[in-house]
Amino acid sequence: MNNNSVDWNMVWTEMMQANQKADHQERGDCAKLWDSRENAERFWKRSQKNKGRIEKTLKELPIKKGSRVLDIGSGPGSLAIPLSEKVAHVTAVEPGKGMMELLQENISKYGINNISCVNKRWEDLNVEDDLEGPYDIVIASFSLGMPDIRNAIEKMQSASSGHVCLYWFAGETPWEAHSYNLWPAMYGMEYSPGPKCDVLYNLLYSMGIFPDMHVFPLEFTNDFGSMDEAIDYFRSRYTIDTEQQEMILRNYLEETLEQQDGQFVDHGHSTRVKIWWEKEVID
């Protein structure tokens, strides 16, 4: 099949929309999960346990002391904060209210003065009005939950004067593994996964972008102080409308989570991919 005979943007959109439905109801976009301050703090705590991975990511980026970096979906600053120590400027775009609140507190806590924040969804942002571009590097690290991914990438291109670097998923993620098990019992339907790097690569190819790719494994661990805490967290990822759904979730977590040192632990393994290209080579 000719790559150009498929509308890969539509493939991405349809998979994204299917993934956002549960029991025929829209679950909403991923940013809503990160409106929660509690979820933001949990994410930050987990990222601080994995500083080795963050350092490796930074070493792989073509950054210099004078670089200007755009971090799309920055979260609480897992990359933006250590990046700010190595470059001239970072613009952090983050739609989640809880994430943005924690990011701004972290900026103040660490006395950082070269990070600017934009509390908007990438889809709603205006490159010329909302940003301080162009940027030597545009990064979107596991933050590609945009239905119109072609438009999103075109905006990244317009904001970049150098590299664009995307991180995304290859194969089943740990949270998708849970959803495959929970969906039929909770909603009476099969779970539809979101689009992965194969769709993303084919879309880029159809746009005349021929990126480098690097696949790497990543362990995933989430710790909870109690079963109720775990249920509260997982509840925020699903639509719970009935007591039966609540009980299905509780029973599943009691069977699935491991108990270690007084903690309830969710272990998982995922395969992820770095996709990057230099804009000058393409234009």
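What percentage of the 283 residues in the protein chain is buried? In this predicted model, buried residues make up 49% of the chain. Let's walk through the structure from its overall form down to a few individual side chains.

The protein chain folds into 12 helices and 10 strands. Its radius of gyration is 19 Å, close to the 19 Å that the globule rule gives for 283 residues, so the chain is as compact as a globular protein of that length. If you lay the C-alpha trace along its principal axes, it spans about 55 × 50 × 35 Å. Contacts tell us how the sequence is brought together: among those with a separation of 6 or more, 75% join residues 24 or more positions apart.

Turning to the surface, the protein chain exposes about 13600 Å², with carbon and sulfur atoms supplying 47% of that area. As for charge, there are 29 positive and 45 negative side chains, and the centres of these two sets lie 5 Å apart.

Now for the interior. The largest nonpolar core has 36 residues, and the members that touch the most others are Trp122, Leu131, Leu144, Met156 and Leu200. Several elements give two or more residues to this core: helices H1 (8–19), H7 (149–159) and H9 (197–206), together with strands E3 (68–72), E6 (135–141), E7 (160–170) and E10 (263–278). A second core, separate from this one, holds 27 residues, including Trp34, Leu58, Ile81 and Leu83.

Helix H9 is a good place to look at the packing in detail. Its buried residues include Cys197, Val199, Leu200, Asn202, Leu203 and Leu204. An α-helix has 3.6 residues a turn, so residues three or four places apart point the same way. The cover over the buried residues of H9 includes H1, H7, E7 and E10. Leu200 shows the packing at the level of one side chain: beyond its neighbours within four places in sequence, Leu200 is in contact with Trp12, Leu144, Ile149, Ile153, Leu166, Trp168 and Ile275. After H9 comes Gly208, with a positive phi near 80°.

Our last stop is Met100, which sits in helix H5 (residues 97–109). Is Met100 buried or exposed? Its relative accessible area is 4%, so Met100 is buried. Apart from its neighbours within four places in sequence, Met100 is in contact with Ala92, Glu94, Cys117, Val118 and Asn119. Lys64 lies 36 residues from Met100 along the chain, and the C-alpha atoms of the two are separated by 26 Å.

Definitions and conventions: Residues are numbered from 1 along each chain as its sequence is written. This is a predicted model: local features need pLDDT of at least 70, side-chain atom pairs count only at pLDDT 80 or more; totals for chains, interfaces and linings use all residues. Side-chain values use heavy atoms; hydrogens and water are left out. Helices (H or I, at least four residues) and strands (E, at least two) are DSSP runs, numbered from the N terminus. The radius of gyration is taken over C-alpha atoms; the globule rule is 2.2 Å times the number of residues to the power 0.38. Buried means under 20% relative accessible area, exposed over 50%, partly exposed in between (1.4 Å probe, protein chains only). Contact means heavy atoms within 4.5 Å. Accessible areas come from the Shrake-Rupley method with a 1.4 Å probe; for residues, only the protein chains shown count as cover. Lys and Arg count as positive and Asp and Glu as negative; His and the chain ends are not counted. The place of a charge is taken as NZ of Lys, CZ of Arg, CG of Asp or CD of Glu. A nonpolar core is a set of buried Ala, Val, Leu, Ile, Met, Phe, Trp, Tyr and Cys residues joined through side-chain atoms within 4.5 Å.
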